[in-house]
There are 4 protein chains.
Amino acid sequence: MRAFVLRGNGEVGIMEKAVPEPGPNDAVVRTTAAMVCTTDVHTKRGAMTVAPDVTLGHEAVGVVHALGEAVDGLDVGQRVAVSGVTPCFECETCQRGFTSQCGGVILGAARFTTRGDGNMAEYFLVGHARANLAPIPDDLSDHQALYATDMLSTGFVAAEHAGLDFGETVAVFAQGAVGLSATIGCRLRGAGLIIAVESLPPRQELARRFGADVIVDHTRCDPVARILELTDGQGVDAAIEALGSRRTWEATFRVTKPGGRISNVGYHGEDPEPLEIPLEPFGYGMSDKQVYAGLNRGGRDWLNRIFRLMRTGKVDPTPMTTHEFGFDDIVKAFWMMEFKEDGIIKPLIHFG
Amino acid sequence: MRAFVLRGNGEVGIMEKAVPEPGPNDAVVRTTAAMVCTTDVHTKRGAMTVAPDVTLGHEAVGVVHALGEAVDGLDVGQRVAVSGVTPCFECETCQRGFTSQCGGVILGAARFTTRGDGNMAEYFLVGHARANLAPIPDDLSDHQALYATDMLSTGFVAAEHAGLDFGETVAVFAQGAVGLSATIGCRLRGAGLIIAVESLPPRQELARRFGADVIVDHTRCDPVARILELTDGQGVDAAIEALGSRRTWEATFRVTKPGGRISNVGYHGEDPEPLEIPLEPFGYGMSDKQVYAGLNRGGRDWLNRIFRLMRTGKVDPTPMTTHEFGFDDIVKAFWMMEFKEDGIIKPLIHFG
Amino acid sequence: MRAFVLRGNGEVGIMEKAVPEPGPNDAVVRTTAAMVCTTDVHTKRGAMTVAPDVTLGHEAVGVVHALGEAVDGLDVGQRVAVSGVTPCFECETCQRGFTSQCGGVILGAARFTTRGDGNMAEYFLVGHARANLAPIPDDLSDHQALYATDMLSTGFVAAEHAGLDFGETVAVFAQGAVGLSATIGCRLRGAGLIIAVESLPPRQELARRFGADVIVDHTRCDPVARILELTDGQGVDAAIEALGSRRTWEATFRVTKPGGRISNVGYHGEDPEPLEIPLEPFGYGMSDKQVYAGLNRGGRDWLNRIFRLMRTGKVDPTPMTTHEFGFDDIVKAFWMMEFKEDGIIKPLIHFG
Amino acid sequence: MRAFVLRGNGEVGIMEKAVPEPGPNDAVVRTTAAMVCTTDVHTKRGAMTVAPDVTLGHEAVGVVHALGEAVDGLDVGQRVAVSGVTPCFECETCQRGFTSQCGGVILGAARFTTRGDGNMAEYFLVGHARANLAPIPDDLSDHQALYATDMLSTGFVAAEHAGLDFGETVAVFAQGAVGLSATIGCRLRGAGLIIAVESLPPRQELARRFGADVIVDHTRCDPVARILELTDGQGVDAAIEALGSRRTWEATFRVTKPGGRISNVGYHGEDPEPLEIPLEPFGYGMSDKQVYAGLNRGGRDWLNRIFRLMRTGKVDPTPMTTHEFGFDDIVKAFWMMEFKEDGIIKPLIHFG
C-alpha cells in the first residue's frame, strides 16, 4: 500500500509500506478520504520527534478492512470514522475523563504519527477499536464525517471549556478551521455575542456564516481595545485561543472580564519561551479567571454526537473545504497547507 | 390607578388602587405592556392562597416611575423589565444560587400575586430594585423584552437543568409557551435531536420553527414507544416536563436512557396525589437518572443575557404571541387563556 | 473448584464448578477473601432473574491466576481487587461517564451474578481486566481492600451525588454498611453537620465513630420533625437514602431545604409499587430539589483512590466487620445476613 | 475612636477618627477582636494605591453598633463577623457567582482599605449589611470566628478550586496561614494524599496537625522532583499556590499530572514581570491542565458554613494564633508580621 510519510531527511513523500495486521483489539481501515491538518505541518517542521518514514495524518475515514479477534460490535465492510486521538478509555487517566492524556502522558492519546504511523495511507491501524471506531450513518458523506474526526471535535471542546452559559459573550481568536469550528461550537452552546478575530476576508465570511456576530480585523485595529469597546468596557465572559500565538494568548487575558474563562486549543510549541500571563488583567492571581488547556477528547460517543448535529442539519462544516485532491496529489495539498497558498483552509483528499 | 385583580369571590376584574410608594430599596414601574400566564389561571382556580383583591400578573415591562432613596444605578424614565420572580440575592439561599427559593422558602422569590400585588396594573412595585430591574436596550421592543421575564427564562432554565452536552437527544413534553421556550433553549444548548411532544398543529408548527427536529403527536401514537423508536430503542439523554401532568412526568422516566436527566418545570399542584416514579425505568433507584425540579431564576443578569440573544437575532419568541389586547380588554384576554380559546398561546396586553 | 451458588429451587449452597478460562481481555482471579452483601440476599429472594446454579457474590479480592492474551500491565500472582460492578469503559454509555449503566442497560455493569457467575467461589472470571483489576498495595490487607469493592465505593458515590459543599448539612437514612460508608463519605466531603438516622445501638456507635454528629433514632421520635428541629426549621442541604424503603425515600423530600439534593443508593425493588414524591416538599415540581439515583461506578481508578484514603489513614472501614468465617461456613454467614442475626453488619469470608 | 492607619508618608500608626454613620443598607460594628494579615503588609509596601490615612485591616469581628434604616433581620448588640471581602450580591457579576469581583471590577469586593477604611479600628462600617453580617453563634469565640473572615475562607476556596475528588493527590505550596487553611480544606474535601511544601518547623508541625500527610522541605530537596517521586512519577491531581511567588507558581505546572488543576490564591503583585507558564508541563497548551485564580468569596452564607465546621469540631484553626496583643500594641503586631519575627503566623488583637 502507499503511505504519505515524513522521511528522515525532513522531506515528505509517498512510499510503499505493508498493509498493517490487527492485534486482538485493533482494526485495520481501508482509507476512502482524509484531510491534511496544520498539525501535520508542525510535525514536518520538527515540533515533535517522530520515527523516520512515519506516516503522517490523523484525519481519515474509510471502510473496515480487518478486525482483531477480540473486537465485537463491528463488521468488516462497514464505513467508519476514527478520531484524531484514540484513547484506550481503560487506564486511570481515561477513567478520570482526561482521555486526551491517555496513560497519564501529555497528549498520550495523540497516537497517529506521534506514537506510530498516521492515517494518510491506503490502510491504517486503529488500536482500542471498540472504543474508537464510529460507524458513519448512511445519511452522512465521508466528507462530512471527516470534520468530526478533528476540526469540529477540537473546536467544540474549545467551546465546552469556555464554559458558556446562555447569552454570554465570547471572543474567538483566529478563524482557521479549528477557530471556525469553535465559532460553530459557541453558537451551539448559546453564546449571545460571538466576536471572531480574523483578517482574511474568506475566513471572515465563513465566520459570519457559522455564527460570528462581529468580526474584528486585528490588522486594522487593536483587537483588545475593540473587544472591550464592543462589550461596553466590561470584556467578554470567555475567550478562545485557536491559533497558538503568544500575542493572542496574552490577549485572552486582556479581553476577559473578572471571572472570565480562557479556553486554549492553540498549539504553543513553535516558540520555546514560556507563555506569559499579564499580571494586571489576571488580578495578580485573584481575578476568578480560569484557564483550560484543551485537546480533542476522542472516542466513538463523541463522534456520534457530532454526527447527530450534522444529520439534523444543525451543522454543516463542508464550506471549510476549499480544495480537493486525489491521493496522488497529496504532496501538493500538503505544500499548499504549509504555505497557506490560494486561501486554503482544508483540503479534502480522495483515496482510490 | 387601575389594577387587574382576583376578588375574594374568585372572580377577576379591574379595580381602582393607589399607586404604590417605594421603600428605600424599591422601585415603582409604570406598566407599558404585560402578558397573561397560565399560572395566573392556576391562581384564579385556587392553586395557592392569595390575599383578597390581589393584583394578578407577573409578566410586565414599563418605565421607572419612582425609585427608593437607596437605589442607585437606575433612572426615573428608563425602560425596564422585571423577571416574574424577584429574589433578594442577599439571603443565604440566594447566596447559594437557589434564587427562586429566596429566604429558604419554597418558591420564595415568586412574590408577585403570591406575596403581594402582581404587576397587571398601571403601576407596580418591585423590591430589591437594584438586583431586579434590567434596563431594556433601545433595539428591543417591549414585546420582545416581555418574553425574557418569564417564558424564555423558565424555558431556558429547563434546558439548563437538562444538562445537555453537544449533540445529545432530548424530548420536550408539551409545546405551550414554556415548552416552546424550552425547545428554543435546547437548540441553543447544542442538542443534536429535539423531539417535541404536542398535538395542536399551530404549536407543532411553532415547535418546528423554534428548533424541534421531530414532532410526536401523543393523540396519534404512544409517545413513549415513539420516542424509543426514534432513538433506536436507547431513549433520550434528557426529557423536559413543561406541562404539569402526572402522565408526562411518568413518561419522562420511561423515555430516558440510564444516566438520563429529567428536568421538570411543569406545575404539579392541580392534582393532590403524590407524583409517582415508575420503578423499572428508574432502575429501582440505581439508574444514574437525575431529576431537577426547576423554576425561573430571576435577576437582571439573567434578563440581560436573554436580551443579548434577542439583540443578536438568535432568538425571536414573538411568534408565540397569538393575540393582542388593550388593558381595557384584559378580562377577555384572561378568559381566553383560561379556556384556551381560538388557539391562544400568549396574549400581549398594551397599557395606556 | 467450589462455588457458593443459588440453586434453581431458591436454596443456596456450595457446588463444584470448573475453574473459568479467560478470553483475550479477561482475567481469572484466585479468591482469598470475600464479603456477603445484602444484595446477595435480595437476589436469593428473587429480586432479579438469574441463571440456575449461578454463583453469588460480588465483593471479593484475590491473586491473579490467569490473564487473557490481550491483557497487559498486570502479572499472574499479583494481589488484586475488583469492584462489584465491572464496566467495559469503552461503550458510549461508559464514555459518557455513566459506567454503572454499561452498554446503555440499567445496572449494566452489575455483571457478577446478574449476567453470569458471581465471585464467591475459589476462582472467578473478570471481563475488561485492564480496566477493572486494581493491584492491592502491600500496605493494605485483603480485609481493607474488600471494602473498596462495594461498601465504600457505593457510600462515597452517595456522598458525591449529595453535592456537598463545605459546611453543609446532610442526613443519612440508615446506617447499615452502605449508610455507614456514606457517613464516612460525607465527612470526607466537608459536611458541617452529619445527621445519621438509625435505631440499632451498635450501628449508632459506628456512625458516631465514622463522623456522624447527631444520631436520630426513628423508633423514638419522628425523624422528619427531629431533623427539621436540628436545622432550625430549615431542613438539610442534602439527604441520602441508603436503605431502599418507601418511607425513608419520602422522608428525604420532607427533610431537605429548597435547593436540597436527594441522593439515593437504596435498592427499591422489593415493593412493586411506584416510588412517591410528596408534592408540597417538592414545591409542586419547582423547589430546585434534585434527585440522583446512584450506584457504585467501578473501575481501577476508583479503587485506587479509595485505597489511597485507607493507606494514609483517613479511612478505616474494618470496624464494620462484625463476624469472620471460613469459606466452608459461608452458608451460615449468608443465613446470618439474611436474618440480620447477632447484630451482623459485614461478615468476612476467608478462602483457602 | 482610634484607628490603625497607613499615613501618606508610608508609616503606620494609630490616629483618631470619627465613628462612621451608617447609610440605609449599612451597619456599623464595634470591634472586639481583629487579626493582622500579610495583605496589610503588602498594602503598606505599596502593592496598591490607597487613600492617605486609610484604616488598615479586613479581619475583624465585633458587636452591631448601628444599623441603616433598610437593614432588617439583624439587631444592635448582636455579635457578628464580616468577611474580608464584602460583595453587594446584587450586581451582574455577583449574580453570576463571581462575588469577589463585585461590580465587574477585579477584586471589586475587597473594599476594606482598598476602597475605603479597613476595619482595624474601634468601629467600622460595613456596606450591604444584610448580605455580609453573620451573627456569631454563642458556642464560638471571637477568636474562632475571626478565622472564618479570611484565612479559612480563602484556604477553603483554594481547596474548592483544586476540584478534588475522593482520594486524589494534592500539593500545597507554602504553609503560612492561608496555606495551612488550604491544607485543612483539602482534608475536608477528601484528598487522599496531601503534600505540604514548607521549610519552617513550627509551620510543618501545624501542617501535619491540620492534615498534611507528607512535608516537603524545599530548602533540603528539589520540591518538584520530590513530589514526582512521592507520586510514582505521575504528579499530583492538583496543586495550590498559597505564597505568591513566581517559583512556586511555575512549580505547580511541573508537579501536576496531565488533567491536573492549579489553584492559585497567592498574590503576585510584588514582582512586576508577567507570570510564566513552562511549556512542556503545560503540554504546549493541550495538557487538560486547568488554572483558577481565586479569592475569598465573602457573604454570610459562606461564613455560616465555616462556623458550622468549627461548631461540630471538624476544624479548629486557633493553633495558628502564635501571638496576642491589645489594640494599643498593634503597631508592634504589625511590625512582627512585616518581618515575620519570632515565628509569628497570626497575631490576635483584642479591643477594649
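## Domain contact in chain A and the interface of chains C and D

In this predicted model, the domain assignment of chain A gives two parts, domain 1, which comprises 2-150 + 296-350, and domain 2, which spans 157-293. The centres of domain 1 and domain 2 of chain A, taken over C-alpha atoms, are separated by 27 Å. Where these domains of chain A touch, 18 residues come from domain 1 and 15 residues from domain 2.

Between them, domain 1 and domain 2 of chain A bury about 1,400 Å², with 65% of that area on carbon and sulfur atoms. On the side of domain 1 of chain A, the residues that lose the most area to domain 2 are A:Pro319, A:Met320 and A:Ile345, which together account for 34% of what that side buries. One salt bridge is counted between the two domains of chain A, and five residue pairs are in polar contact, both residues being at pLDDT 80 or more. By class, the side of domain 1 of chain A that touches domain 2 has 10 nonpolar, two polar and six charged residues.

The second contact described here lies between two chains. In this case 25 residues of chain C are in contact with 26 residues of chain D, and the two chains bury about 2,100 Å² between them, 56% of it on carbon and sulfur atoms. In chain C, the residues that lose the most area to chain D are C:Phe166, C:Arg189 and C:Arg308, together 38% of what that side buries.

Two salt bridges are counted between chain C and chain D, and across their interface there are 15 residue pairs in polar contact, with both residues at pLDDT 80 or more. Four elements of chain C, namely α5 (151-161), α6 (177-188), β10 (193-197) and α10 (300-311), each supply at least two residues of the side that touches chain D. Of the side of chain C that touches chain D, α10(C) gives the most, with four residues. The residues on that side of chain C divide into 10 nonpolar, six polar and nine charged.

The table lists two salt bridges, one within chain A and one between chain C and chain D.

| Residue pair | Closest N and O atoms |
|---|---|
| A:Arg297 and A:Glu160 | 2.3 Å |
| C:Asp213 and D:Lys314 | 2.5 Å |

How values were computed:
Residues are numbered from 1 along each chain as its sequence is written. Chains are lettered from A and ligands numbered from 1 in the order in which they are written. This is a predicted model: local features need pLDDT of at least 70, side-chain atom pairs count only at pLDDT 80 or more; totals for chains, interfaces and linings use all residues. Side-chain values use heavy atoms; hydrogens and water are left out. Contact means heavy atoms within 4.5 Å. Buried area is the accessible area (1.4 Å probe) that two parts lose on being put together, summed over both. A salt bridge is a side-chain nitrogen of Lys or Arg within 4 Å of a carboxyl oxygen of Asp or Glu. A polar contact is a pair of N or O atoms within 3.5 Å; within protein, one must be able to donate a hydrogen and the other to accept it, and residues adjacent in sequence count only if both atoms are side-chain atoms. Ala, Val, Leu, Ile, Met, Phe, Trp, Tyr, Cys and Pro count as nonpolar, Asp, Glu, Lys and Arg as charged, and the others, Gly among them, as polar. Domain bounds come from an automatic or database domain assignment.
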